[in-house]
Every structure is written in structure tokens, then in C-alpha cells.
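Me: I've got a protein model open and I'd like to go through it bit by bit. Can you help me with some questions?

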Amino acid sequence: GTRKKADRAAAVEHAVARAGLQGMEQRLIRNLSKGYRQRVGIAAALLGTPKIIILDEPTAVLTPQEAERLFEILNNLKQDGKSLVFISHKLNEVMAISDRISVMRQGQYMGTVNKEETSPLDLTKRMIGREVFLNIDKAYSEAGDTILDG
């Protein structure tokens, strides 16, 4: 009865707060940005009191500001004791959010490393399977005659 309803309301309130949705409770989901819609999904997941949350390319459709806010929320969830599986090709994000990083190449598990023991260059090598050169020296070129001037 009333006690269960109060417990559910408290659980929803907690999930809304953890997902950074305070003040948005009366808004229609269809009117929210993709970043806020994603937070609604996180809040819904939190209602099931999960121990593990899997996020597959969660920043793909987010603005840089939305991605930054998502990372704040994810760090809070980690502090709450939640385990996160963060799937991404964006190595700067992987390095920012991860404690341990598992690499897959063509559907095969290539191993797991601690973040402190790797780098984006090392991860790229593990993903591709060979040495990768991110800084390519380019020869200096002189500008020629102006062809188009507007």
C-alpha cells in the first residue's frame, strides 16, 4: 500500500538525482535532448538496483558538454560501488573513465590492462595488431601562386 508507494517514490527520486535529472521530472521525454534522454535511461536502469551497467558507445550522439556531464554521472556511479562496462572506440574517453581496459580485435578478446600501465598508442597497437604511427612527419611546402581570390 502506502509504504510501498513511498518506497518506490524514494527510489525514483534517488535514481533521478544520481542520473542528474533534478528539475526535469515534469518534462516529456520526447522534448529532451539526447543527453537528457540518455540520463533517463540511466535512471531507469538504476531503479533495478544493478551492480553492473553496460554503456555501448554512450557519447556517440552527445555534445562535448553532454559527454562531460555523463562522465560526472558515471564517476558518481563508480563511487556508489557500481561497475561500469564502457564500450568505446574513443581512446581519450576510455582512458578518462576506465580503471581496467579490455581490448577486442575482430571479435576476439586480446587481453586486459590497468589504465596506469597503458596509453592510447599502446591500446591502438593492441586493437590493430601492429605498430601505429600517430605523428607523421610531413615535408614543408611553399605556397604557390594565388589561383582564386575572393
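What follows is a short chat about salt bridges, one threonine and two pockets in this predicted model.

Me: How many salt bridges does a search of the whole structure find?
Reply: To count, a side-chain nitrogen of Lys or Arg has to sit within 4 Å of a carboxyl oxygen of Asp or Glu. Searching the whole structure that way, the total is 5.

Me: Which residue forms a salt bridge with aspartate 80, and where is that partner?
Reply: The closest N and O atoms of aspartate 80 and arginine 18 are 2.8 Å apart. The pair links distant parts of the chain, 62 residues apart. Aspartate 80 sits in the loop between α3 (64-79) and β2 (83-87). So the partner is arginine 18, found in helix α1 (residues 2-18).

Me: Is aspartate 80 buried, partly exposed or exposed?
Reply: Buried means under 20% relative accessible area and exposed means over 50%. Aspartate 80 has 41%, so the label is partly exposed.

Me: What about arginine 18: buried, partly exposed or exposed?
Reply: The relative accessibility of arginine 18 is 22%. Buried would need a value under 20%, and exposed one over 50%. That is why arginine 18 counts as partly exposed.

Me: Which helix holds both glutamate 72 and arginine 69?
Reply: These two form a salt bridge, with their closest N and O atoms 3.0 Å apart. They are 3 residues apart, about one turn of the helix, and that helix is α3.

Me: Which residue forms a salt bridge with lysine 78?
Reply: In this pair, the closest N and O atoms are 3.6 Å apart. Lysine 78 is in helix α3, and its partner is 21 residues away, in the loop between α4 (91-97) and β3 (100-105). The partner has a relative accessibility of 48%, so it counts as partly exposed. The residue is aspartate 99.

Me: Is threonine 118 buried or exposed?
Reply: Threonine 118 is in the loop between β4 (108-114) and α5 (120-128). Leaving out residues up to four places away in sequence, it touches Met95, Ile101, Val113 and Leu123. Its relative accessibility is 12%, and the cut-off is under 20%. So threonine 118 counts as buried.

Me: Which side chain makes a polar contact with the side chain of threonine 118?
Reply: Here we want a pair of N or O atoms within 3.5 Å. Threonine 118 has such a contact at 2.5 Å, and the other side chain belongs to aspartate 122.

Me: Which class gives the most residues to the lining of the largest pocket: nonpolar, polar or charged?
Reply: This pocket has a volume of about 730 Å³. Its lining has 24 residues, with Phe86, Ser98, Arg100, Ile101 and Ser102 nearest the centre. The split is 5 polar, 6 charged and 13 nonpolar, so the class is nonpolar.

Me: Which element gives the largest share of the lining of the second largest pocket?
Reply: The second largest pocket has a volume of about 230 Å³. Of its 13 lining residues, the closest to the centre are Val16, Leu21, Glu25, Val40 and Ala43. Two elements give two or more residues to this lining, α1 and α2 (34-47). The largest share is 4 residues, and it comes from α2.

Notes
Residues numbered from 1 in each chain as written. Predicted model: local features only at pLDDT ≥ 70, side-chain atom pairs only at ≥ 80, totals over all residues. Heavy atoms only, no water. Buried < 20%, exposed > 50% of the residue type's maximum accessible area, 1.4 Å probe, protein only. Polar contact = N/O pair within 3.5 Å; in protein donor to acceptor, adjacent residues only side chain to side chain. Contact = heavy atoms within 4.5 Å. 1 Å grid on protein atoms, 1.4 Å probe; cavity = no way out; pocket = protein on both sides within 12 Å on 5 of 7 lines; lining within 4 Å. Points joined across faces, edges and corners; volume = space filled by probe spheres on them.
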